[in-house]
Amino acid sequence: MEKRGRIDTELDSQDLEQDRQFVTALARGLELLRCFRPGERLLGNQELVKRSGLPKATVSRLTYTLTRLGYLQYVESLGKYALDTGVLALGYAHLNGLDIRKQARPLMQEFADQTQCSVSLGARDRLSMVYIENCQGPGPLSLRLDVGSRIPMTSTAMGRAYLAALPDAERDLLLNQLKARDDDWATTREQLDKTFRHYQDHGYCLSCGDWQKDINAVGVPLIQPDGSGVVAFSCGGPAFVLRQHMLEDDVGPRLAHLVRNVGANLGRQFQ
């Protein structure tokens with residue numbers, strides 16, 4: 001019997017084995033697509049085998065199938081695969097269907113112009129946050145991260161805001177998963193506990209040099225009124241522009257006000 005490769009999901013592997021509704025072949029194909037990282041265009045079979053943890057024969061069958069379906073493109077001259085337009089179509093269909101992006105973008109752009117920084121909206125993907133919208137201010141040194149960029153959860157203002165808004169049981173489960181991948185969890189947990197207390201008192205989270213030493217940011221979560229979960233907004237920029245006292249005295253409260261407005265606009269759609 002073929003040995004199963006690593007399926008990197010939030011579920012315990014034993015749970016997956018026992019879940020009779022779980023389609024392993026489909027999961028393997030999706031995991032193969034996830035092997036492509038931002039900025040990478042081409043991967044060969046050997047790289048896909050190493051990253052997915054799947055047997056070589058399985059990878060060969062999956063790449064053939066995904067190529068026939070238009071999700072991968074085989075570059076014969078290099079003997080490697082690239083993501084094809086089928087993946088792009090799925091991604092844009094998802095983004096264009098997000099009402100929150102339509103409601104939030106005008107307010108985010110106005111805020112970015114006022115602060116001359118970067119204002120972003122993100123959602124969780126496994127143990128990271130992924131940008132689903134990003135607005136750049138006119139400042140020459142604002143953060144240049146595009147839609148689809150992945151950032152850490154525990155050290156960024158966006159990720160901390162997301163964690164702060166989760167129900168206790170869901171947050172504890174996620175923190176346990178993050179702990180397993182953190183070599184200095186004691187320090188991380190101390191920072192997070194401080195962040196959660198700050199959120200309870202002030203309604204926003206800070207990250208001052210914790211992700212990148214020269215970047216400061218503030219984050220505010222939004223529990224979506226349609227019940228689809230938590231997302232988080234952030235405003236970030238160079239530390240010499242966004243000093244901590246500015247985040248606490250001005251930018252943080254204003255971003256929290258922006259998020260309340262977005263939530264209210266979304267709520268009216270479901271009345």
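Helices (H or I, at least four residues) and strands (E, at least two) are DSSP runs, numbered from the N terminus. The model is predicted: local features need pLDDT of at least 70, side-chain atom pairs count only at pLDDT 80 or more, and totals for chains, interfaces and linings use all residues. Residues are numbered from 1 along each chain as its sequence is written, and side-chain values use heavy atoms, with hydrogens and water left out.

**Exercise 1. Place Leu30 and find its surface partners.**

Step 1. Leu30 sits in helix H2, residues 24–34.

Step 2. Classify its exposure. Buried means under 20% relative accessible area, exposed over 50%, partly exposed in between (1.4 Å probe, protein chains only). Leu30 has 45% relative accessibility, so it counts as partly exposed.

Step 3. Look for a patch. Patch members have over 30% relative accessible area and no salt bridge; like charges are joined within 9 Å, nonpolar side chains (Val, Leu, Ile, Met, Phe, Trp, Tyr) within 5 Å. Leu30 joins Val23 and Leu26 in a nonpolar surface patch. Together they offer about 280 Å² of accessible area (Shrake-Rupley method, 1.4 Å probe; for residues, only the protein chains shown count as cover).

**Exercise 2. Sort the two sides of helix H3.**

Step 1. H3 spans residues 45–52, and Leu48, Val49 and Ser52 are buried there.

Step 2. These residues cover an arc of only 100° around the axis, so they lie on the same side of H3. The arc is that of the directions from the helix axis to the C-beta atoms.

Step 3. Turn to the face away from the buried side. Exposed Gln46 and Lys50 are there.

Step 4. Find the packing partners. The buried residues of H3 pack against H2, helix H4 (56–68) and strand E2 (80–83), where contact means heavy atoms within 4.5 Å.

Step 5. Check the exit. Gly53, just after H3, takes a positive phi of about 75°.

**Exercise 3. Analyse three salt bridges: which parts of the chain does each one join?**

Step 1. Set the criterion: a side-chain nitrogen of Lys or Arg within 4 Å of a carboxyl oxygen of Asp or Glu. The whole structure holds 11 salt bridges.

Step 2. Take Arg150 and Asp125, at 2.5 Å, N to O. This pair links distant parts of the chain, 25 residues apart: Arg150 is in strand E5 (residues 150–152), Asp125 in strand E3 (residues 118–125). Arg150 is partly exposed at 38% relative accessibility, whereas Asp125 is buried at 17%.

Step 3. Take Asp210 and Arg160, at 3.0 Å, N to O. Asp210 is in the loop between strand E6 (205–208) and strand E7 (215–223) and Arg160 in helix H7 (residues 157–165), so the bridge ties together parts 50 residues apart in sequence. Asp210 is partly exposed at 35%; Arg160 is buried at 2%.

Step 4. Take Arg171 and Asp168, at 3.0 Å, N to O. Both belong to helix H8 (residues 168–179); being three residues apart, they are separated by about one helical turn. Arg171 is buried at 14%, but Asp168 is exposed at 53%.

Step 5. Look for shared partners. Salt bridges join Arg34, Asp125 and Arg150 into one network.

**Exercise 4. Classify the aromatic pair.**

Step 1. Apply the rule. Rings of Phe, Tyr and Trp (its six-membered ring) pair if their centres lie within 6.5 Å; planes under 30 degrees apart count as stacked, over 60 as edge-to-face and the rest as tilted.

Step 2. A search of the whole structure gives one pair. The ring centres of Tyr74 and Tyr81 are 4.9 Å apart and the planes stand at 50°, so the pair is tilted.

Step 3. Add exposure. Tyr74 is partly exposed at 39% relative accessible area, while Tyr81 is buried at 10%.
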